[in-house]
Amino acid sequence: MSRAVESDLVERLLDGEHRALARAITKIESQSPGYRDIVSELHAHTGDASVVGITGSPGAGKSTLVDKLAKYYRDQGETVGVIAVDPSSPYTGGAVLGDRIRMASNVGDMDVFFRSMSARGQLGGLSTATADAVKALDAFGKDRIIIETVGAGQNEVDVVKTADTVVVLVQPGSGDDVQMLKAGILEIGDVFVVNKADMEGASRTVAELQEMIHLRDDPRANLDTGHHGAAAFDDGHGGGHGGYADASDAESDAEGDPSNADEPLVWTPQVLETVATTGEGIDELVETLDDHRDYLDASGELAEKARKRAGEEIRQLLRSDVNRLLEAELDRRGGVEEFAQAVVEKETDPYAVAEDVLEPLRECLDDRAD
């Protein structure tokens, strides 16, 4: 693909052509020649969309919840992009479930763009291609972007690198799921949702999650209330759905201590209940997601997340490109198998091989530094 053709594709995408969006994401996912130029051109047009990650164990109802969220946003007149990260095929590397029809409430709605993508074997369930696809949806002008991950367990933490807000779904009575959260995924959740809340054990699961958050984040949290944190965020509409507060305690607030004005804002993860099949609890979930977005803006954390995301992306691209350069250097010298045989025969050792292969790159960087 020539640079002129790439630019034409970008222009058509920015003009709102869905076919161009689909084609651009296909090139991004397959990493076709020129895909980096496409992403580079789109970058200046990103930053307006709200990005939410939905994760949790298989069977928790993620797809149904995403469907209902998309419908809610569409009813509000907003456009939606959905990326569903599916397990990778061991044979093709593609998504096993493919472009499955799981957006039943939004079939035929052109303003809901759904794309199923392969996790490409990455432990976190998200590939670099997924992050680039989010950029394409953002540049296209989608108001809301939802990433539904494969739900493979605690390694799902990679979703944090792409989403502004992370929602973790848990099934009622799923003690194993709660233990899994303790093992690592608890740290990434901004909102915890006990889906299928009409099932037995929902209240207990909610209590367990609240206790975990209580012990992790805020020993002052009052678990007997419907809100969490030192003081619930009042959004000016009689709110308090979100755990958005400053770090000062309630007593100081009551006394009107002016020093509290400089206290940092904090977010205490929320625990909500939904029944995605009927749409119950979706409105409260949306309000909480909006509260978290407000918190990110007010606290400056949204900009900080963007900086960290950019830094991680730079590191990931550098690692990927340097790996390719080193693989080419290994091939030029006869391949890694030849080095491996030399190591086995005790003619050299892995550290010496690494030093030898890296030496040209190190010399080149040293020359540039001079």
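**Helix α2 and its neighbours**

The crossing of α1 and α2 is left-handed. The contact between the two helices involves Leu9, Arg12 and Leu13 on the α1 side, with Ala20, Leu21, Arg23, Ala24 and Lys27 coming from α2. Sorted by class, that contact of α1 with α2 has 5 nonpolar and 3 charged residues, and no polar ones. Keep in mind that this is a predicted model. The protein chain has 12 helices and 9 strands, and this briefing sticks mostly to α2 and the helices on either side of it.

**α1 against α2**
- Helix α1 covers residues 3-14 and helix α2 covers residues 18-30; they pack at an angle of about 130°, and their axes are 8 Å apart.
- Angles over 145 degrees count as roughly antiparallel and 65 to 115 as roughly perpendicular, with oblique for what is left between them, so α1 and α2 come out as oblique to each other.

**α2 against α3**
- Here the axes come within 9 Å and cross at roughly 125°.
- That angle makes α2 oblique to α3.
- The crossing of α2 past α3 is left-handed.
- Ala24, Lys27 and Ile28 of α2 make the contact with Tyr35, Ile38 and Val39 of α3.
- By class, the α2 and α3 contact splits into 5 nonpolar residues, 1 charged and no polar.
- Ala24 and Lys27 of α2 turn up in the contact with α1 and again in the contact with α3.

**α2 itself**
- At 1.5 Å a residue, the 13 residues of α2 should span 18 Å, and the C-alpha atoms at its ends are indeed 18 Å apart, so the two values agree.
- Buried residues in α2 are His18, Ala20, Leu21, Ala24, Ile25, Lys27, Ile28 and Glu29.
- Those buried residues pack against α1, α3 (35-43), β3 (112-118) and α5 (128-140).
- Right after α2 comes glutamine 31, which has a positive phi, near 55°.

**A look at valine 5**
- Valine 5 sits in helix α1.
- Its relative accessible area is 37%, so valine 5 counts as partly exposed, the cut-offs being under 20% for buried and over 50% for exposed.
- Valine 5 and isoleucine 38 are 33 residues apart along the chain, and their C-alpha atoms are separated by 9.9 Å.
- Isoleucine 38 is one of the α3 residues in the contact with α2.

**The chain as a whole**
- Of the 370 residues in the protein chain, 44% are buried.
- Among contacts with a separation of 6 or more, 72% are between residues 24 or more positions apart.

How values were computed: Residues are numbered from 1 along each chain as its sequence is written. This is a predicted model: local features need pLDDT of at least 70, side-chain atom pairs count only at pLDDT 80 or more; totals for chains, interfaces and linings use all residues. Side-chain values use heavy atoms; hydrogens and water are left out. Axes are lines fitted to C-alpha atoms, for helices over the stretch in contact, and angles run from 0 to 180 degrees between N-to-C directions. Helices (H or I, at least four residues) and strands (E, at least two) are DSSP runs, numbered from the N terminus. Angles under 35 degrees count as roughly parallel, over 145 as roughly antiparallel, 65 to 115 as roughly perpendicular and the rest as oblique. A crossing is left-handed if the near helix is turned anticlockwise from the far one by less than a right angle, and right-handed if clockwise. Contact means heavy atoms within 4.5 Å. Ala, Val, Leu, Ile, Met, Phe, Trp, Tyr, Cys and Pro count as nonpolar, Asp, Glu, Lys and Arg as charged, and the others, Gly among them, as polar. The expected span of a helix is 1.5 Å times one less than its number of residues. Buried means under 20% relative accessible area, exposed over 50%, partly exposed in between (1.4 Å probe, protein chains only).
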